[in-house]
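Visitor: Please take a close look at the salt bridges here. Start with a single pair, then work outward into the surroundings.

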Amino acid sequence: ETTTPAASVDHPFEVDAADHCETPFQAYQDIEPFLFRMALALKKPKDKLRIYDPYFCEGSVAKHLARLGFTSVYNKNEDFYKCIEEKRIPEHDVLLTNPPYSGDHFRRILSFCAKNKKPWLLLLPNFVCRKQYYQPCVGEDVKALFLIPDPTKPYRYWAPGRRGFEDRNQAKGTTPFETFWYVNYAGLAPHEEVRAWWMKKFAPHSTCTLPAPDEA
């Protein structure tokens, strides 16, 4: 059984078909150390770290993270913005998501993360951090860590239900933009310490780069 289905499920909220892309397992493998570090800081085992992905595509995020030992994942087929309005955001330790690209979703998720005051990991196009709205949304004093994958091997996304993605043996995935992880510990641990820890323990075996916050 494949983790991500070839067809798309119905969603009880308005969606743009172009937004409908599932994140590859490799992307989650790359940020596993950062989630592990968050669990350590909270004195929790990996399976007790409560991860919230507010944007539902096909639900493969929970399966991917479970393979890495993170089994407490909330990702349901519901309208994130309606949940905000109705104050139904689930209890969580960290927010992790690859948000839709259309409309003002980037601005809205960044603003939510700032108000939420929880650690967050967002998989976003490389241009988002250069947008005028970025710093005001996340907070003027916030310098997120940027985990950047090998540019010769960018993350490729699966688009269930989209023409050309019917056969997994033929479809190679889509890469609309160069994307990387934006990571903010929200005070749970100093970013300089997290980077030094990752550089020592994981950089030698990773194809990703992690610039210093002042260099990014």
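Guide: Arginine 108 is partly exposed, with a relative accessible area of 36%. Its salt-bridge partner is aspartate 104. The closest N and O atoms of this pair are 3.9 Å apart. Aspartate 104 is also partly exposed, at 40% relative accessible area. Keep in mind that this is a predicted model.

The count for the protein comes to six salt bridges. Another of them joins arginine 88 to glutamate 86. Here the closest N and O atoms are 2.6 Å apart. Arginine 88 is partly exposed, with a relative accessible area of 39%. Glutamate 86 counts as partly exposed because its relative accessibility is 41%.

Next comes lysine 46, which forms a salt bridge with glutamate 32. The closest N and O atoms lie 2.9 Å apart. Glutamate 32 sits in helix α1, and lysine 46 in the loop between α1 (25-41) and β1 (51-52), so the bridge ties together parts 14 residues apart in sequence. The two ends have their own burial classes. Lysine 46 is partly exposed, with a relative accessible area of 25%. Glutamate 32 is buried, at 16%.

Now the network. Salt bridges link Lys44, Arg50 and Asp93. Take the acid. Aspartate 93 lies in the loop between α3 (80-85) and β3 (94-97). At 8% relative accessibility, this residue counts as buried, because the class takes in values under 20%. The side chain of aspartate 93 makes a polar contact with the side chain of lysine 44, at 2.8 Å. What else surrounds this acid? Leaving aside neighbours within four places in sequence, aspartate 93 is in contact with Leu42, Lys44, Lys48, Leu49, Arg50, Lys118 and Pro119. Both network partners, Lys44 and Arg50, appear in that list.

Asparagine 75 is a second buried polar residue, with a relative accessibility of 11%. Asparagine 75 is found in the loop between β2 (73-74) and α3. Its side chain reaches two backbone oxygens. That of aspartate 53 is at 2.9 Å. That of tyrosine 55 is at 3.2 Å. Not counting residues up to four places away in sequence, asparagine 75 touches Asp53, Tyr55, Phe56, Gly59 and Val61.

Val61 leads on to helix α2 (residues 60-67), where the buried residues are Ser60, Val61, His64 and Leu65. Seen down the axis of α2, these buried residues fall within an arc of 130 degrees, so they line one face of the helix. The general rule helps here: an α-helix has 3.6 residues a turn, so residues three or four places apart point the same way. The cover over the buried residues of α2 includes α1, β1, β2 and β3. Just after α2, glycine 69 takes a positive phi of about 100 degrees.

Move on to the strands. Strand β6 (residues 179-184) is mostly covered, with six of its six residues buried. Which strands pair with β6? Strand β4 (residues 120-125) is one: six bridges join β4 to β6, and the two run antiparallel. Within that pairing, valine 183 in β6 is the bridge partner of leucine 121. Strand β5 (residues 145-147) also runs antiparallel to β6, with three bridges between the two. There, phenylalanine 146 stands opposite tyrosine 182 in β6.

Finally, step back to the whole chain. The protein has six helices and six strands. From the N terminus on, the order is α-β-α-β-α-β-α-β-α-β-β-α. Of its 216 residues, 50% count as buried. The exposed surface is about 11300 Å², and carbon and sulfur atoms supply 50% of that area. Among contacts with a separation of 6 or more, 73% come from residues 24 or more positions apart.

Definitions and conventions. Residues numbered from 1 in each chain as written. Predicted model: local features only at pLDDT ≥ 70, side-chain atom pairs only at ≥ 80, totals over all residues. Heavy atoms only, no water. Helix = DSSP H or I, 4+ residues; strand = E, 2+ residues; numbered from the N terminus. Buried < 20%, exposed > 50% of the residue type's maximum accessible area, 1.4 Å probe, protein only. Polar contact = N/O pair within 3.5 Å; in protein donor to acceptor, adjacent residues only side chain to side chain. Contact = heavy atoms within 4.5 Å. Pairing = 2+ DSSP bridges. Areas by Shrake-Rupley, 256 points an atom, 1.4 Å probe, with all protein chains shown as cover. Salt bridge = Lys/Arg side-chain N within 4 Å of Asp/Glu carboxyl O. Arc of directions from axis to C-beta.
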